[in-house]
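Please read the following note alongside the sequence and the model. It is written as a short series of numbered points.

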Amino acid sequence: MAQLSPQAFRALKRLVWLEELDLCGCRVQDGPVVEFLEAAAPSRLHTLNLTWCPDLTDVVVQTIAKTCPVLSWLSLFGNMNYTAAALETLAASQCGSSLRALDVRGLTKALPYSLETEALRKLFPSVTCIELHH
């Protein structure tokens with residue numbers, strides 16, 4: 001997969017009307033994603049795919065919690081930087097109650113949520129789909 005240039009990532013912040021963003025597999029840093037989310041706040045995003053974005057950290061999840069009140073589909077699949085604390089922050093936000101689909105498999109620092117379906121469903125009771133990738 002071709003990667004976006006650093007300039008392209010920085011230009012994300014101009015896309016404030018965006019409703020879907022798929023960055024699957026991109027080597028993007030926290031800064032451009034946070035800048036985009038903050039510029040669009042409250043974001044119109046309903047779908048956000050951050051699967052296999054290995055350089056992102058809890059900062060992005062915390063920003064999603066603050067800026068994405070209508071997000072219904074979120075994949076954080078395969079990132080080993082996100083922690084359980086970040087997921088708990090997300091769950092406590094308005095975004096947490098709007099989510100219907102959430103994939104956190106492979107988040108090694110987000111135990112028990114990334115391994116135990118019951119724990120994840122208890123944290124996010126409105127989520128009905130927890131495996132978005134096969």
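The points below concern one helix, its surroundings and the core.

1. The model under discussion is predicted. Helix 3 covers residues 58-67, and seven of its 10 residues are buried, so this helix is largely enclosed by the rest of the structure. The buried residues are Asp-58, Val-60, Val-61, Thr-63, Ile-64, Ala-65 and Thr-67.

2. What covers these buried residues? The elements include two strands, strand 2 (47-49) and strand 3 (73-75), together with helix 2 (30-40), helix 4 (84-92) and helix 5 (94-98).

3. The arrangement of helix 2 and helix 3 deserves attention. Their axes lie 10 Å apart, and the packing angle is about 5°. Angles under 35 degrees count as roughly parallel, and the two helices are therefore roughly parallel to each other.

4. On the side of helix 2, this contact is made by Asp-30, Val-33, Val-34, Leu-37 and Glu-38. Helix 3 contributes Val-59, Val-60, Thr-63, Ile-64 and Thr-67. By character, the residues of the contact comprise six nonpolar, two polar and two charged.

5. Ile-64 also appears in the largest nonpolar core, which has 42 residues; Leu-23, Leu-50 and Ile-64 are the members that touch the most others. At least two residues of this core come from each of helix 2, helix 3, helix 4 and helix 6 (117-123).

6. Which residues does Leu-50 contact, leaving aside its neighbours within four places in sequence? Leu-50 is in contact with Leu-23, Leu-56, Val-60 and Ile-64, and also with Ser-75, Leu-76, Phe-77 and Tyr-82. Of these, Val-60 and Ile-64 are among the buried residues of helix 3.

Key. Residues numbered from 1 in each chain as written. Predicted model: local features only at pLDDT ≥ 70, side-chain atom pairs only at ≥ 80, totals over all residues. Heavy atoms only, no water. Buried < 20%, exposed > 50% of the residue type's maximum accessible area, 1.4 Å probe, protein only. Helix = DSSP H or I, 4+ residues; strand = E, 2+ residues; numbered from the N terminus. Contact = heavy atoms within 4.5 Å. Core = buried A, V, L, I, M, F, W, Y, C linked by side-chain atoms within 4.5 Å. Axes fitted to C-alpha atoms, helices over the stretch in contact; angles between N-to-C directions. Parallel < 35°, antiparallel > 145°, perpendicular 65-115°, else oblique. Nonpolar A, V, L, I, M, F, W, Y, C, P; charged D, E, K, R; others polar.
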